[in-house]
Amino acid sequence: MVALSDLTAEQRRLLAEQTIELPSWAFGNSGTRFKVFATPGTPRDAFEKISDAAQVHKYTGVTPRVSLHVPWDLVDSFEELRAHADSLGVELGTINSNVFQDNDYKFGSLTNSDPAIRRKAIGEHLRCIEVMRATGSKVLKIWLGDGTNYPGQDSIADRQARLSDSLAEIYAALDEDQKLLLEYKFFEPAFYHTDVPDWGTALAHVLALGERAVVCLDTGHHAPGTNIEFIVVQLLRAGRLGAFDFNSRFYADDDLIVGAADPFQLFRIMHEIVSFGALDKDSGVNFMLDQCHNLEDKIPGEILSALNVQEATAKALLVDREALAKAQAEHEVIEANQILMDAFSTDVRPLLRELREEKGLDPDPLGAFARSGYLAKIEAERVGGQQAGWGA
């Protein structure tokens with residue numbers, strides 16, 4: 001069994017300072033194309049989403065920021081929403097744009113052949129920048145559903161040129177201390193081709209924009225069998241890995257609790273992050289959850305997700321890097337693999353319980369939240385009114 005005292009001072013610092021951003025939409029109702037299931041106590045607005053997100057931070061101590069989605073989280077006053085978050089001990093983080101649900105975007109948004117529709121889509125991002133100024137956010141994240149379903153439906157080359165021009169205009173509107181984060185996804189809702197389908201396309205666009213443009217890697221946005229940690233290394237080498245959207249999947253973009261399907265993959269990713277020095281809070285890499293809790297209660301789902309990322313991080317920190325480098329240099333294949341597997345197989349939960357106690361937190365976040373009675377409280381209070389949901 002490994003204890004907190006077994007870590008070096010640097011390892012303890014990295015683990016203690018790790019933070020994970022939460023998505024506001026994870027606290028709303030979500031589902032499949034066939035059904036969205038309502039949950040008692042679901043937030044009815046952005047203020048209640050922030051209140052629920054603050055509960056996750058209260059018990060884990062590692063989730064001090066909340067991503068917002070525009071227009072899903074539009075409020076009359078973002079200054080008031082920011083003050084609400086501050087009062088609960090959390091900050092408003094990344095601002096996510098949405099140009100994939102309006103009827104005008106049926107054939108694309110930033111890539112649409114209609115200049116008026118492109119202008120509308122650009123305008124939505126300019127509105128997001130205004131929200132960033134009101135909330136104090138420094139990052140605008142763009143994910144597009146743009147693409148085509150059939151060969152010949154549109155010119156792939158022309159769409160890339162339109163995308164480049166649209167992104168350039170949005171990037172130019174950012175303040176000097178703000179970043180553009182471009183996310184990719186290999187399919188859905190476009191099935192023949194997606195305009196930003198992979199890390200290479202995203203990287204090419206951000207390199208053309210400038211130093212304050214970076215790539216977001218969503219762990220669910222890859223074809224089965226993709227070596228995601230290889231992509232992590234390539235983006236880190238290019239200095240353009242800006243953020244993770246952590247989740248887990250069995251088939252495609254399932255958005256399940258991170259680590260649920262393949263905890264070893266999560267460990268491998270964090271191993272590369274630690275090896276590259278990108279775990280440090282000043283590295284510029286943001287860790288975030290992007291999940292939908294369709295069946296489970298949402299707050300416990302987010303708590304468990306944060307704990308899973310913490311566990312993978314602690315295991316990655318335990319890798320004997322000196323021994324690993326020696327085994328790799330000497331081509332000791334089995335020994336090198338076993339060094340990784342030894343760290344992955346270590347039970348780090350006692351170590352993390354110690355870390356929480358050191359921070360004045362309950363060592364069992366899930367149990368502490370269950371005992372708090374918060375779920376029963378919001379189920380009773382949030383009766384009536386429109387619950388927040390996917391697309392709300």
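Here are five short exercises, each with a worked solution, on the predicted model shown above.

**Exercise 1: Reading the sheet**

Task: Work out the order of the strands in the open sheet of eight strands, and find which strands stand at the edges.

Solution:
- Step 1. Follow the sheet from β1, and the order reads β1-β2-β3-β4-β6-β8-β9-β10, with parallel pairing.
- Step 2. Now look at the two ends: β1 (22-23) and β10 (286-289) each have a single partner strand, so one side of each is left without a neighbour in the sheet.
- Step 3. For an example of pairing, choose β8 (residues 213-218) and β9 (residues 241-246), which are joined in the parallel sense over four bridges. Asp-218 has Asp-245 in β9 as its bridge partner.

**Exercise 2: A residue in an edge strand**

Task: Decide whether Phe-287 is buried or exposed, and list what Phe-287 is in contact with.

Solution:
- Step 1. Place the residue: Phe-287 belongs to strand β10.
- Step 2. Its relative accessibility is 3%, and buried means under 20%, so Phe-287 counts as buried.
- Step 3. Leaving aside neighbours within four places in sequence, the contacts of Phe-287 are Thr-19, Ile-20, Glu-21, Arg-65, Phe-244, Phe-246, Met-270, Ile-273, Ala-278 and Leu-279.
- Step 4. Try one comparison of sequence and space: Leu-22 and Phe-287 are 265 residues apart in sequence, while their C-alpha atoms are 9.0 Å apart.

**Exercise 3: Helix α8 against helix α9**

Task: Describe how α8 (residues 263-276) packs with α9 (residues 298-317).

Solution:
- Step 1. Two packed helices are described by the angle between their axes and the distance between the axes.
- Step 2. For α8 and α9 the angle is about 55° and the axes are 8 Å apart. This angle makes α8 oblique to α9.
- Step 3. The crossing of α8 and α9 is right-handed.
- Step 4. On the α8 side, the contact is made by Leu-266, Phe-267, Met-270, His-271 and Val-274. On the α9 side, the residues are Asn-308, Val-309, Ala-312, Thr-313, Lys-315, Ala-316 and Leu-317.
- Step 5. Sort these residues by class, and you get eight nonpolar, three polar and one charged.

**Exercise 4: Helix α2 and its surroundings**

Task: Find which strands α2 (residues 46-60) lies across, and describe how α2 packs with α9.

Solution:
- Step 1. Helix α2 lies across β1, β2 (65-69) and β3 (91-96), and runs at about 150° to β2.
- Step 2. With α9, helix α2 makes an angle of about 40°, and the axes are 9 Å apart. The two helices are therefore oblique to each other.
- Step 3. Their crossing is right-handed.
- Step 4. Asp-52, Gln-55, Val-56 and Thr-60 of α2 meet Ile-299, Glu-302, Ile-303, Ala-306 and Leu-307 of α9. By class, this contact has five nonpolar, two polar and two charged residues.

**Exercise 5: What is covered in α12?**

Task: Name the buried residues of α12 (residues 349-358), and say what covers them.

Solution:
- Step 1. The buried residues of α12 are Pro-350, Leu-351, Leu-352, Leu-355 and Arg-356.
- Step 2. Their cover includes α1 (9-17), α9 and α13 (365-372).
- Step 3. Go just past the end of α12, and you reach Gly-360, which takes a positive phi of about 80°.

Technical notes: Residues numbered from 1 in each chain as written. Predicted model: local features only at pLDDT ≥ 70, side-chain atom pairs only at ≥ 80, totals over all residues. Heavy atoms only, no water. Axes fitted to C-alpha atoms, helices over the stretch in contact; angles between N-to-C directions. Parallel < 35°, antiparallel > 145°, perpendicular 65-115°, else oblique. Left-handed = near helix turned anticlockwise from the far one by under 90°. Contact = heavy atoms within 4.5 Å. Nonpolar A, V, L, I, M, F, W, Y, C, P; charged D, E, K, R; others polar. Buried < 20%, exposed > 50% of the residue type's maximum accessible area, 1.4 Å probe, protein only. Pairing = 2+ DSSP bridges.
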